[in-house]
Amino acid sequence: MPIGPLRAFIPMSHDEANTFARPEFTLGHLADLVGGTVVGDPDAVVSGVADPATADPGSLVFLLEARYADGIAASAAAAAVVPRHVEAIAKPQIVVARPRVAMARIMALFVPEAPYRGIHPTAVVHPTARVASDAALGPYVVVGEDASIGAGTLLQAHVVVGRRVRIGTGCVLHPHVVVYDEVRLGDRVILHAGTVVGSDGYGYAPDEAGRHIKVPQLGNVILGDDVETGANVAIDRATFGSTVVGRGTKLDNLVHLGHNDRIGEDVLIVSQTGISGSVTVGDRVTLAGQVGVAGHLTIGDGATVLARSGVTKDIPPRTVVSGFPARPHKEELRRQAAPSRLEALRQELADLARRVESIEGEGGGLGA
């Protein structure tokens with residue numbers, strides 16, 4: 001149903017921001033959250049997370065590599081998260097199996113809340129749009145006809161949401177994100193500044209005179225739950241059907257996905273990677289920085305494509321490839337090593353030629 005009168009826009013005060021930025025938790029509570037064990041006082045309280053070099057007496061720090069133990073021991077931090085109890089760190093400790101995962105979960109508790117609540121008076125919301133009562137729309141946001149914004153979602157300044165877009169719960173769209181018509185976003189999707197979802201795919205057909213006639217792009221884009229994009233990502237809408245990005249997939253800055261791509265779940269795509277149209281990428285694939293993928297290919301589940309590779313044919317599951325054209329990584333390493341052998345081979349040939357000349361000179365020729 002329509003949203004009715006715009007709700008009051010309430011910027012967060014400085015005092016509120018400070019309150020939200022410094023919550024307090026006992027070590028026992030944090031250990032329960034991450035499945036850890038407290039060595040020391042479980043009632044000790046921390047009010048923030050920090051790097052050991054900048055930690056204050058209220059900070060919790062994280063031992064991710066053994067070589068940083070001395071720095072944590074010397075820091076002012078109140079406590080540490082560690083993979084095993086460290087005697088040299090004379091502080092309470094939370095012992096966990098996966099410190100980096102524990103760090104991610106604990107740090108999420110200290111993320112500041114949204115800088116405002118309600119709908120800014122400069123926002124333009126179509127009368128048929130549906131905006132959840134606790135969603136927040138910042139300055140100059142535009143929400144189109146029959147769009148739907150889910151509970152707890154934040155649209156920051158200058159976000160544009162097209163017609164019949166569906167945005168789930170708990171999403172964050174940072175400034176200047178554009179979501180074109182018909183796009184679907186799942187829950188907890190994060191789109192960083194400048195990302196464009198649903199722009200036209202790159203489709204043209206040459207006519208008899210060689211002029212490029214635009215092929216209309218009539219599909220849409222679907223992003224699953226917990227998808228996150230970096231800044232300035234472009235995801236093209238499908239020609240027909242949908243361009244799909246699966247649950248939990250993370251796209252780094254400056255990634256481009258072509259029309260009708262189908263990206264699996266928990267995929268990692270690193271900065272400056274470009275994927276042509278109609279590519280299928282399986283689950284838990286990693287595409288490192290500056291990878292290029294030609295159109296209509298399949299990259300199997302669990303494959304890894306190393307940085308600056310060019311994928312020109314299908315990649316089997318659980319394969320590590322590199323180079324251009326991409327090939328199994330060990331094979332590519334041998335290819336790269338080959339030029340370094342050329343000088344040695346040249347020297348061996350020169351030595352052999354000298355020996356032959358010497359033999360011919362001593363014996364009056366091989367046929368004597």
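**Chat about pockets, strands and one histidine**

Me: What's the volume of the largest pocket in this one?
Reply: About 370 Å³ for the largest pocket. Bear in mind that this is a predicted model.

Me: Which residues lining that largest pocket are closest to its centre?
Reply: Glu-113, Ala-114, Gly-152, Leu-154 and Val-172, out of 17 lining residues.

Me: And how does the lining of the largest pocket divide into nonpolar, polar and charged?
Reply: You get 10 nonpolar, 4 polar and 3 charged residues there.

Me: OK, what about the second largest pocket, what volume does that have?
Reply: The second largest pocket comes in at about 160 Å³. Its lining has 8 nonpolar residues and 2 charged ones, with no polar residues.

Me: Which residues line the second largest pocket?
Reply: From the earlier part of the list, Val-49, Ala-50, Asp-51, Pro-52 and Phe-62 are among them. Leu-64, Glu-65, Tyr-68, Met-103 and Met-107 line the second largest pocket too.

Me: Switching to the sheet. What's the order of the strands in the open one?
Reply: The open sheet has 9 strands, ordered S11-S14-S17-S20-S25-S28-S31-S34-S37, and the pairing is parallel.

Me: Which strands stand at the edges?
Reply: Strand S11 (130-131) and strand S37 (298-299). Each has a single partner strand, so one side of each is left without a neighbour in the sheet.

Me: Let's look at S28 in that sheet. Are its residues buried or exposed?
Reply: Buried, all of them: Ser-242 and Val-244 point one way from strand S28 (residues 242-245), while Thr-243 and Val-245 point the other way. In a regular strand, side chains alternate between the two faces of the sheet.

Me: How many bridges pair S28 with S25?
Reply: There are 4 bridges between strand S25 (residues 220-223) and S28, in the parallel sense. Val-221 is the residue opposite Thr-243 in S28.

Me: And how many bridges between S28 and S31?
Reply: S28 pairs with S31 over 2 bridges, in the parallel sense. Val-244 has Arg-262 in S31 as its bridge partner.

Me: Going on from S31, how many bridges join it to S34?
Reply: 2 bridges, joining strand S31 (residues 262-263) to strand S34 (residues 280-281), and the two run parallel. Ile-263 has Val-281 in S34 as its bridge partner.

Me: Now S7. Which residues cover its two faces?
Reply: Strand S7 (residues 79-82) has Ala-79 and Val-81 on one side and Ala-80 and Val-82 on the other, and all are buried.

Me: What does S7 make together with S6 and helix H3?
Reply: A right-handed β-α-β unit, with helix H3 covering residues 69-74. S6 (residues 59-62) and S7 run parallel and are joined by 3 bridges, with Leu-60 opposite Ala-79 in S7.

Me: How many bridges join S7 to S8?
Reply: 3 bridges link S7 to strand S8 (residues 93-95), which run parallel. For Val-82, the bridge partner in S8 is Val-95.

Me: Last topic, His-176. Where is it?
Reply: His-176 sits in the loop between strand S18 (172-173) and strand S19 (178-179).

Me: Why does His-176 count as partly exposed?
Reply: Because its relative accessibility is 48%, and partly exposed lies between under 20% for buried and over 50% for exposed.

Me: Which residues is His-176 in contact with, leaving aside neighbours within four places in sequence?
Reply: Ala-157, His-158, Val-159, Gly-194 and Thr-195. The C-alpha atoms of His-176 and Gln-156 are separated by 7.9 Å, with the two residues 20 apart along the chain.

Notes:
Residues numbered from 1 in each chain as written. Predicted model: local features only at pLDDT ≥ 70, side-chain atom pairs only at ≥ 80, totals over all residues. Heavy atoms only, no water. Pairing = 2+ DSSP bridges. 1 Å grid on protein atoms, 1.4 Å probe; cavity = no way out; pocket = protein on both sides within 12 Å on 5 of 7 lines; lining within 4 Å. Points joined across faces, edges and corners; volume = space filled by probe spheres on them. Nonpolar A, V, L, I, M, F, W, Y, C, P; charged D, E, K, R; others polar. Buried < 20%, exposed > 50% of the residue type's maximum accessible area, 1.4 Å probe, protein only. Right-handed = clockwise from strand over helix to strand, strands pointing away. Contact = heavy atoms within 4.5 Å.
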